[in-house]
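Here is a short set of exercises for you to work through with the model open beside you. Try each task yourself, then follow the solution step by step.

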Amino acid sequence: MARDFFDELSDTITRTTKDLGKKAGQLYETQKIKSKISSEEQMVRKLQADIGNVIFEKYKEGAEVEEGLLGLCEEIQQHMDIIAGYQDMAARLKGQKICPACGKSVDRSVAFCPFCGSVCPTPEPEKAEGDVVEDAPAEEEKADAETVQETEAVEAEENTAESVEEAGDVKETEHLEGTENEETVETPEKSENTAE
């Protein structure tokens, strides 16, 4: 009788082990398939981005682009212009300039880019009659200061929005705590009235 029990237990353990092996194999195969799907989806996203890049390059070259895509291309160009402005400002702060060909930061005094060899013109301040060229760096510093102020203003607005949200949370908490305090205050008054 004990032998039958152990034989059944052994058979049950063997079947369970085989079932777990099958399920593990299925899980492994399923994961491999999911990985392949993910890889293919990533390839599709890359190709879609490449299509977008081809269309944008045609837009930059002046080719005709569909109206729906034109708006997107213009928006991309606006963001790229903003990025270029920020890169130029960062380079100026370091005493550098941006190479128009390769886009790398180079020393402001060089005439040719050390990376790509193209001409890197140093923008000369425009000289009108009666203007002094020495004032140009002051104007550049003023423009840099204005840009820094604009950036700080944007950051301040973001911080203000966060502060307003936090203040709303604090007011709500204070309101709830105030309600609890009112209940606490009322309780002693009631006990005084009861004592009279």
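**Exercise 1. Which side chain meets that of Lys60 in a salt bridge?**

Before starting, note that this is a predicted model, in which local features need pLDDT of at least 70 and side-chain atom pairs count only at pLDDT 80 or more, while totals for chains, interfaces and linings use all residues. Residues are numbered from 1 along each chain as its sequence is written, and side-chain values use heavy atoms, with hydrogens and water left out.

Step 1. Apply the criterion: a side-chain nitrogen of Lys or Arg within 4 Å of a carboxyl oxygen of Asp or Glu.

Step 2. The partner is Glu57, with an N to O distance of 3.7 Å.

Step 3. Look at the spacing: Lys60 and Glu57 are three residues apart in helix H1, so about one helical turn separates them. Helices here are DSSP runs (H or I, at least four residues) and strands are runs of E (at least two), numbered from the N terminus.

Step 4. Check the exposure, where buried means under 20% relative accessible area, exposed over 50%, and partly exposed in between (1.4 Å probe, protein chains only). Lys60 is partly exposed at 45%, and Glu57 is partly exposed at 38%.

**Exercise 2. Find how many salt bridges the whole structure holds, and describe two more of them.**

Step 1. The search of the whole structure gives four.

Step 2. Stay in helix H1 for the pair Asp50 and Lys46, which are four residues apart and therefore separated by about one helical turn. Their closest N and O atoms are 3.0 Å apart. Asp50 has a relative accessible area of 29%, so it is partly exposed; Lys46, at 47%, is partly exposed too.

Step 3. Move to helix H2 (residues 67–93), where Arg92 and Asp88 lie four residues apart, about one turn of the helix. This salt bridge has its closest N and O atoms 3.4 Å apart. Arg92 counts as partly exposed because its relative accessibility is 22%, and Asp88 is partly exposed at 29%.

**Exercise 3. Place Asp107 relative to Arg92 and list what Asp107 touches.**

Step 1. Locate Asp107 in strand E2 (residues 105–107). Its relative accessible area of 42% makes Asp107 partly exposed.

Step 2. Compare sequence and space: Asp107 and Arg92 are 15 residues apart along the chain, with 9.6 Å between their C-alpha atoms.

Step 3. Leave out residues up to four places away in sequence and look for contacts (heavy atoms within 4.5 Å). Asp107 then touches Gly95, Gln96 and Lys97.

**Exercise 4. Decide how many disulfides the structure has, and examine the cysteines.**

Step 1. Recall that a disulfide is a covalent bond between the sulfur atoms of two cysteines. The test used is a pair of cysteine sulfur atoms within 2.5 Å.

Step 2. The search finds zero disulfides. For Cys99, the closest cysteine sulfur is in Cys102 at 3.6 Å, too far for a bond.

Step 3. Add the burial: Cys99 is buried, with a relative accessible area of 2%, and Cys73 is buried at 4%. The C-alpha atom of Cys73 is 9.2 Å from that of Glu57, 16 residues away along the chain.

**Exercise 5. Identify the residues of the nonpolar surface patch that includes Ile13.**

Step 1. Keep residues with over 30% relative accessible area and no salt bridge; like charges are joined within 9 Å, and nonpolar side chains (Val, Leu, Ile, Met, Phe, Trp, Tyr) within 5 Å.

Step 2. Ile13 sits in helix H1 (residues 2–60), and its relative accessibility of 48% makes it partly exposed.

Step 3. Phe5, Phe6 and Leu9 complete the patch, with about 410 Å² of accessible area together with Ile13. Areas come from the Shrake-Rupley method with a 1.4 Å probe; for residues, only the protein chains shown count as cover.

**Exercise 6. Summarise the chain, and find where its coordinates call for caution.**

Step 1. Count three helices and two strands, in the order α-α-β-β-α.

Step 2. Buried residues make up 7% of the 196 residues.

Step 3. The average pLDDT (the predictor's confidence in each residue, from 0 to 100) is 75, and 61% of the residues score at least 70.

Step 4. Over residues 170–196, pLDDT stays under 50, and the model has zero contacts beyond four places in sequence there. Residues 131–136 also stay under 50, with three such contacts. Where pLDDT is low, the predicted coordinates should not be read in detail.
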